[in-house]
Amino acid sequence: GTKASAESAEAKVEECERRLLETVSSLRDEAASELRKLVEEHAAHAAETAGVAKLLAATCATLEERALVAHAGCEDELRAFQRQAQAALEQEQTKMKQAEAENELLYSEAAALREETQAARNK
């Protein structure tokens with residue numbers, strides 16, 4: 001009986017060991033699966049973050065480009081305005097010179113008329 005109960009106890013121990021090994025193996029598989037899932041999620045999240053960073057960088061570059069274009073446009077407009085102002089100024093200066101020349105002509109004509117009038121009076 002003792003031998004039988006020892007064998008029975010041994011069989012129970014073996015059964016427990018076998019179940020324990022199965023449980024450990026199952027837990028190991030589960031943990032590996034969870035870990036794989038976490039790694040994949042992390043990779044996806046990292047890729048998403050990298051994608052967002054790339055998009056932001058591209059957006060910044062585009063905005064910078066637009067700013068440069070707008071700045072260049074403003075400078076062009078300013079130069080055009082300066083050219084127009086310069087042309088208008090030169091036109092006004094030309095008109096003033098013409099007016100001055102006309103005035104001088106009128107003054108000399110008036111002086112000549114005064115002299116003629118004076119000469120006529122003196123006769």
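**Salt bridges along a single helix**

In this predicted model, the side chains of arginine 19 and glutamate 15 meet in a salt bridge, with 3.6 Å from N to O. Both residues belong to helix 1, where they sit 4 residues apart, about one turn of the helix. Arginine 19 counts as partly exposed, at 48% relative accessibility. Glutamate 15 also forms a salt bridge with arginine 18, at 2.7 Å from N to O; these two are 3 residues apart in helix 1 and so are separated by about one helical turn. Arginine 18 is partly exposed at 41%, and glutamate 15 is partly exposed at 30%. A network of salt bridges links Glu15, Arg18, Arg19 and Glu22.

Further along the chain, arginine 79 and aspartate 76 are joined by a salt bridge of 2.8 Å, N to O. They too lie 3 residues apart in helix 1, with relative accessible areas of 40% for arginine 79 and 44% for aspartate 76. The structure holds 6 salt bridges.

Turning to the chain as a whole, its secondary structure amounts to 1 helix and 0 strands. The radius of gyration is 52 Å, well over the 14 Å that the globule rule gives for 123 residues, so the chain is more spread out than a compact globule. Its C-alpha trace spans about 180 × 10 × 5 Å along the principal axes, and buried residues make up 0% of the chain.

As for charge, the mean positions of the 16 positive and 25 negative charges are 2 Å apart. Glu7, Glu10, Glu14 and Glu17 form a negative surface patch; of these, glutamate 14 is partly exposed at 46% and lies in helix 1, which covers residues 2–122.

Conventions. Residues numbered from 1 in each chain as written. Predicted model: local features only at pLDDT ≥ 70, side-chain atom pairs only at ≥ 80, totals over all residues. Heavy atoms only, no water. Rg over C-alpha atoms; globule rule 2.2 N^0.38 Å. Buried < 20%, exposed > 50% of the residue type's maximum accessible area, 1.4 Å probe, protein only. Lys, Arg positive; Asp, Glu negative; His and termini not counted. Charge placed at Lys NZ, Arg CZ, Asp CG, Glu CD. Patch = residues over 30% accessible without salt bridge, like charges linked within 9 Å, V, L, I, M, F, W, Y side chains within 5 Å. Areas by Shrake-Rupley, 256 points an atom, 1.4 Å probe, with all protein chains shown as cover. Salt bridge = Lys/Arg side-chain N within 4 Å of Asp/Glu carboxyl O.
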